[in-house]
Amino acid sequence: MPRTVIRKSQSRRLNQKSAVSVRPKSIDDIIAVCKDPKRFPSPVRAVGSNSGSTRSSDALHGTSIDMTAMKKFVRLSSRRVQVGAGTSLRSLADRLAQDGLELVGSYEYPERTVGGLISSGSLSAGVPGDAGHLAASVIAVTLVTPQGRIVEVGDDMPELLAMVRQGYGLLGVVCAVTLKVRPIQPYAIRHREFAFDELMRFIPDIADAKAGIKIFLLPFRDHAFVELRFAQSGDGPGRKLPWKIRDWACNKAIPDFVHSVGRVMPIGRIRDPLIDGFSEATQRLVSRRFSVVGSNAMEQTGQFRKMRQSTAVAYSSWLFPVDRFAAVIYAYREFCLRHYKVARFRCDLPGIAYRIDRDASALLSPSHDQALFALKLRSTTAAGWDAFLLNFADLAARFDGVPLFNQTRGMSAHHGHDAYGQRLDRFRKVRRQLDPENRCLNQFFAEHIG
Ligand SMILES: Cc1cc2nc3c(=O)[nH]c(=O)nc-3n(C[C@H](O)[C@H](O)[C@H](O)COP(=O)(O)OP(=O)(O)OC[C@H]3O[C@@H](n4cnc5c(N)ncnc54)[C@H](O)[C@@H]3O)c2cc1C
């Protein structure tokens, strides 16, 4: 029986509408939860740092399992580690860096948990050859099934492993994860700047580049800043100061400035150019003044990349086929300008695009069949955000947009069905076989996957 059952009123950060919240310290605690539907009603939903932008981890009238006490670390070899699913990305990256190691892929937002990260897609500017998503680095998981049995899922169960990776906790609770790691590999960042129409012409050229791609988009300034990340030979990740300045500018200074101006200046025609001007100037300063050498390890341990910073940033992402992305960029800018005219709402932070490699290691990988560009919309303003996203979803669907079940706010069930097609049918079939009582199925996934 879990020793650490917390009632709703005491719960720090879990889903407020769950009937019961628990913070297990061991696998036995999790087994006890899954086996006892009377004390721990369905749906049973594992929760990491709860950073998703949809209701994917909701446990309305059910049981929320806060995984953050499950943090054991074991180094299995020079290339493999086993970590508790509640370990934060930041503490794992810190621990690996002590041994000169890093994760394969440049995942940002280091407050999230390893369990949450591998249970969904991960969008970042990975250098080609790295995995498209962290879930691809998973060699094995220790899973507690919806019925409360422990199963070690590894290479000997390839189909199940491909469904647990990016499986949103629908096949059970991931308690521990064995991951591939590697020695720290530095990369150099080169910067380019474009107007939107130039960027559209540039996209086909860089689509196959041997570089990680990250693009900051300022539609109201008709301007984009492109970061290209090239793998570098060498034995060190370079100087830390330029990286820290860049990290501070992009992840603290811009969001905090935008949020403050938004609060004190109600007049849009003064506020909005001020915000855009500051974002553009800061981004330009960073890209012109600081040529940077970094590494995944440096990015994931960056101190300014905290989600619980003074400014809360709302986000939502869609992914698009590489060959449609130039047209998406154009339509995105037109959409932002038109929506602002009509609804007076605009995203006050630059959008961010990443190229995501093809990755078929998970059945529900968004880039299972082809490489994609992810477009992440961000804002510090809540009023008008949901209406903006609902309208944007229509645009995304016209360009064969692929949603992520935990990161695409504004998606409808039909968007998921259209994008994932037969793979979703296959996932649904196996999910129903493995969880016939729907122990882990919440309302959101009942609507979106079934
Ligand atoms: C401002 C902001 C921007 C972000 N931008 C990006 C981005 O650019 N790219 C990106 O990839 N991510 C981004 N994220 C993080 C994003 O929310 C991811 O979804 C993250 O990987 C989820 O990790 P988590 O620990 O918060 O998981 P949660 O949100 O807690 O859970 C995610 C899903 O996994 C399930 N789950 C969690 N733990 C387990 C477990 N142990 N076993 C089984 N199932 C589990 C949950 O039920 C849920 O369905 C951003 C977050 C914020 C707040």
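Colleague: Is Cys440 buried or exposed?

Modeller: Keep in mind that this is a predicted model. The relative accessible area of Cys440 comes out at 1%, and anything under 20% goes down as buried. So Cys440 is buried.

Colleague: Which cysteine sulfur is nearest to that of Cys440, and how far away is it?

Modeller: Cys440 is in no disulfide. A disulfide would need the two sulfur atoms within 2.5 Å. The nearest cysteine sulfur belongs to Cys34, and the distance is 5.8 Å.

Colleague: OK, what about Cys336: why is there no bond to Cys347?

Modeller: Cys336 counts as buried too, at 4% relative accessibility. Its closest cysteine sulfur is in Cys347, and the cut-off for a disulfide is 2.5 Å. There's no bond because the two sulfurs are too far apart, at 6.1 Å.

Colleague: How many disulfides does the count come to, then?

Modeller: We've just seen that Cys440 is in no disulfide, and that the sulfur of Cys336 is too far from that of Cys347 for a bond. By the 2.5 Å rule, the count comes to zero disulfides.

Colleague: Switching to domains, how many residue pairs are in polar contact between domain 1 and domain 3?

Modeller: Domain 1 covers 5-66, while domain 3 is put together from 187-233, 238-294 and 310-414. They bury about 420 Å² between them, 44% of it on carbon and sulfur atoms. On the domain 1 side, the residues touching domain 3 are five polar, with no nonpolar and no charged ones. Salt bridges between the two domains number zero, but the residue pairs in polar contact number six.

How values were computed:
Residues numbered from 1 in each chain as written. Predicted model: local features only at pLDDT ≥ 70, side-chain atom pairs only at ≥ 80, totals over all residues. Heavy atoms only, no water. Domains from an automatic or database assignment. Buried area = accessible area lost by both parts, 1.4 Å probe. Salt bridge = Lys/Arg side-chain N within 4 Å of Asp/Glu carboxyl O. Polar contact = N/O pair within 3.5 Å; in protein donor to acceptor, adjacent residues only side chain to side chain. Nonpolar A, V, L, I, M, F, W, Y, C, P; charged D, E, K, R; others polar. Buried < 20%, exposed > 50% of the residue type's maximum accessible area, 1.4 Å probe, protein only.
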